[in-house]
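Biologist: Thanks for sitting down with me. Could you walk me through this protein, starting with the overall layout and then the details?

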Amino acid sequence: MAAAKSNTNWFVIGVSAAVVVVLAVLAFVVVSLNNQATDPGATPKANDSFNSETGAISFGDGEDEVSIFVDFQCPVCKSFEEQYGEALETAAADGRITLSYHPIAILDRFSQGTEYSSRSAGAAVCVAESNPELYLDFAKALFDNQPAENSSGLTNEQLAGFATEVGADDAVSCITDETYRKFGKAQAQAHEISGTPTVEVNGTRLDLQNQADFKKFTDLIS
């Protein structure tokens, strides 16, 4: 009797195998891109004022901690600092609060591909690592010279120049080398920040559009 004719469809099997390979490659690419997006890059060195794990640069020793998350490309952050920065610093200096600033990056899309948010946040981390006592002066310089949205932003040399102006010369090479360029974006993701400024009191996130939350914030710095 003649052998039974094979019904195996090698074309279908081949196509199925190719699809599996393509899906595996796509999965690898997606995982790689996700890893790149969350990669914090180089880890800065912590000091008495700078927590390199949480990204907080802290001032004062008050019982209540007020945390401010800022993006140096953010116009509302600049307005917030102009309105409340002095009161926050005074409350910290008086021992009424512990003031913690978190430079983050969420607005890279507004700098024509130069990732100014990431570069400026990284520059602030350079100053926090080497000269934490000068962070506030450096942050003020960045806000005073904030580039317009949808511009290319400040260059690394300009950022380094502001560090020199406030006395943070030790941060210059760190800034020009973009040592902590990835840190601000990674911190934004770690803290789940989607808008700035974001304010927290003792770890609880406030909605400053809410009257009760706004009063809680202003009572601490009044």
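Modeller: Happy to, and please keep in mind that this is a predicted model.

Biologist: Which strand forms a hairpin with β5, with two residues between them?

Modeller: Strand β5 covers residues 198–201. Its antiparallel pairing with the strand at residues 204–205 runs over two bridges, and Val201 stands opposite Thr204 there. The hairpin partner is β6.

Biologist: Which residue of β5 is the bridge partner of Val66?

Modeller: Besides its hairpin, β5 pairs with strand β3, residues 64–70, in the antiparallel sense over four bridges. Within that pairing, the residue of β5 that bridges to Val66 is Val201.

Biologist: Are the residues of β5 buried or exposed?

Modeller: Thr198 and Glu200 point one way from the strand, while Val199 and Val201 point the other way. Whichever way they point, all of these residues are buried.

Biologist: What is omega for the peptide bond between Thr196 and Pro197?

Modeller: Most peptide bonds are trans. Pro197 sits in the loop between α7 (183–190) and β5, and the bond joining Thr196 to Pro197 is cis. Its omega is about -5°.

Biologist: What is the phi of Asn202?

Modeller: Most residues other than glycine have a negative phi. Asn202 lies in the turn of the hairpin, in the loop between β5 and β6, and its phi is positive. The value is near 55°.

Biologist: Why does Asn202 count as partly exposed?

Modeller: Partly exposed residues fall between the buried limit of under 20% and the exposed limit of over 50% relative accessible area. Asn202 belongs in that class because its relative accessibility is 43%.

Biologist: Where is Glu115, and how does its phi look?

Modeller: Glu115 is not a glycine, yet its phi is positive, about 55°. At 29% relative accessibility, Glu115 counts as partly exposed. Its place is in the loop between β4 (97–103) and α3 (116–130).

Biologist: Let's turn to the cysteines. Which two form a disulfide?

Modeller: A disulfide is a covalent bond between the sulfur atoms of two cysteines. The count here comes to one disulfide, with sulfur atoms 2.0 Å apart, and the pair is Cys126 and Cys174.

Biologist: How many residues apart are Cys126 and Cys174?

Modeller: The pair links distant parts of the chain. Cys126 is in helix α3, and Cys174 is in helix α6, residues 172–176. They are 48 residues apart.

Biologist: Is the link of Cys126 and Cys174 left-handed or right-handed?

Modeller: Both cysteines are buried. The angle about their S-S bond is -75°, and the link is left-handed.

Biologist: Why do Cys74 and Cys77 count as buried?

Modeller: Buried means under 20% relative accessible area. Cys74 meets that limit because its relative accessibility is 4%. Cys77 is buried too, because its value is 0%.

Biologist: To finish, how many helices and strands are there in the protein?

Modeller: From the N terminus on, the elements run α-β-β-β-α-β-α-α-α-α-α-β-β-α. That gives eight helices and six strands.

Biologist: And what share of the exposed area do carbon and sulfur atoms supply?

Modeller: Of the 222 residues, 42% count as buried. The protein exposes about 11,900 Å², and the share from carbon and sulfur atoms is 53%.

Technical notes. Residues are numbered from 1 along each chain as its sequence is written. This is a predicted model: local features need pLDDT of at least 70, side-chain atom pairs count only at pLDDT 80 or more; totals for chains, interfaces and linings use all residues. Side-chain values use heavy atoms; hydrogens and water are left out. Buried means under 20% relative accessible area, exposed over 50%, partly exposed in between (1.4 Å probe, protein chains only). Two strands pair if DSSP finds at least two bridges between them. Accessible areas come from the Shrake-Rupley method with a 1.4 Å probe; for residues, only the protein chains shown count as cover. A disulfide is a pair of cysteine sulfur atoms within 2.5 Å.
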